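Reader: Hi! I'm in my first year and still learning to read structures. Please pick a single part of this one and take me through it closely, with its surroundings.

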Amino acid sequence: MTESAPVPHQLPARVLGLAQLGLIVIDADMHIVMWNQWMASRSGKSSHRVLGQDLFDLYGELRGQRLEQAVLSAMQSNLPQTLSPALNPSPFPLYPAGSWGGERVEQAVSVTPFNEGKERFCLIEVSDISAIVGRERQLRSQAEALRAQSYVDGLTGIANRRHFDVALDRELRRAQRNDGQLSLLLMDIDSFKAYNDHFGHQQGDACLTLVAEAFASMLQRPADLAARYGGEEFAAVLPDTSCEQAAQHAEAIRAKIASLNITHAPAATRPHVTMSIGVATFDKDQLNEGAAMLAAADSCLYAAKKAGRDCVIVYRHQQENAA
Ligand SMILES: Nc1nc2c(ncn2[C@@H]2O[C@H](COP(=O)(O)OP(=O)(O)OP(=O)(O)O)[C@@H](O)[C@H]2O)c(=O)[nH]1
């Protein structure tokens, strides 16, 4: 075996000075016995100023906080502890080296108890995770921006409102050009507030997903579009579909949702989850714009709610209404 070269006695101190994380050692009385250069340059407190001081006198704001609890618990149990960066993002008032101000460094802190002879100590390691947290935030906001630009509803996986608006506009222009037929459905789950109140928001989301899947499965033609219009409202664009055909389709969708037999809240109007649906059809004289068609479908949806829910109401044009 080759003999290793002797380690210079100043090597540990040199390494502590170079370490790219904060290293604090406290004794069983919470007095600081080691404070490395990384801590000094980010706290503005040199080691000779802090050595011998009680850590929680030096930083009174840490008293009673998670860090003190972690130190006490590590000392008692002899087990290492880590602080959740999400709950304790910046426990120590540390700032980027040389800046003395601005935003606190975001920290990951771990606490490791150890014995040296008969003495109990605790090593506190502090890492600067500001760059990682910043990157995570940036990625999250980019993901949100992408979602906003996307055409898919994040919860249910069917088309979102944006996709619906584009499809309605495109199909309206096609219907105008070709003097074609176009219908739209606007639908709303009945008494959904009661569902959420009774079963909780998470189960409410699961219910929305089930309803969306069943609804989307009812639209078979490639040009049909099933969308989540918002909250607990859904919508469909049905090209080449007359008023009567759309009414039939809406009735089939209503029956399909009822047949899912999803238990509803006791306060709801039905024992199982149901939908009310409003139907409007393109008409080149009266309903020839998206906003007008949507308003017509919405007024029918409102009428369906007033009529007791779990039903379909079709928009009739003025001359028919007057008749
Ligand atoms: N779980 C869940 N609930 C939602 C979502 N979006 C909207 N809601 C809830 O849907 C409920 C809609 O309630 P209201 O507009 O009062 O209508 P309703 O209780 O369905 O009553 P009617 O429409 O008159 O039958 C509200 O409680 C919303 O919080 C969602 O994404 N998830």
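Author: Happy to! Helices here are DSSP runs of H or I with at least four residues, strands are runs of E with at least two, and both are numbered from the N terminus. Counted that way, the protein has twelve helices and ten strands. Please keep in mind that this is a predicted model. Of its 323 residues, 32% count as buried. Among contacts between residues at least 6 apart in sequence, 57% join residues that are at least 24 apart.

The part I would pick is the open sheet. Five strands build this sheet, and going across it you meet them in the order 7-8-6-9-10, with mixed pairing. The edges are strand 7 (225–230) and strand 10 (312–314); each has a single partner strand, so one side of each is left without a neighbour in the sheet. On average, neighbouring strands of the sheet are turned by 20° against each other, with direction ignored.

Now zoom in on the edge at strand 10. Its pairing with strand 9 (residues 275–281) is parallel and spans three bridges. To find the spot on screen, look for I277, which stands opposite V312 in strand 10.

Next, see which helices accompany the sheet. Helix 9 packs on it and touches strand 6, strand 7 and strand 8 (233–239). The direction of helix 9 makes about 150° with that of strand 7. Helix 11 (residues 290–306), in turn, lies across strand 6, strand 9 and strand 10, and it runs at about 145° to strand 9. Strand 6 is thus touched by helix 9 and crossed by helix 11.

Two of these elements also lead us to the ligand. Strand 6 (182–189) and helix 9 (201–217), along with helix 8 (192–199), each supply at least two residues of the shell around the ligand. That shell has 17 residues, and D190, F192, K193, G204 and G231 come nearest to the ligand. Sorted by class, the shell holds seven charged, five polar and five nonpolar residues.

For contrast, try a hairpin elsewhere in the chain. Strand 1 (residues 22–27) and strand 2 (residues 32–35) run antiparallel and are joined by three bridges. Here V25 has M34 in strand 2 as its bridge partner. Four residues lie between the two strands of this hairpin, in which M30 takes a positive phi near 75°.

Terms used:
Residues are numbered from 1 along each chain as its sequence is written. This is a predicted model: local features need pLDDT of at least 70, side-chain atom pairs count only at pLDDT 80 or more; totals for chains, interfaces and linings use all residues. A residue is near a molecule or strand if its C-beta atom, placed from the backbone, lies within 6 Å of it. Ala, Val, Leu, Ile, Met, Phe, Trp, Tyr, Cys and Pro count as nonpolar, Asp, Glu, Lys and Arg as charged, and the others, Gly among them, as polar. A residue is buried if 20 or more other C-beta atoms lie within 10 Å of its own, exposed if 12 or fewer, and partly exposed in between; C-beta atoms are placed from the backbone. Two residues are in contact if their C-beta atoms, placed from the backbone, lie within 7 Å. Two strands pair if DSSP finds at least two bridges between them. Axes are lines fitted to C-alpha atoms, for helices over the stretch in contact, and angles run from 0 to 180 degrees between N-to-C directions.
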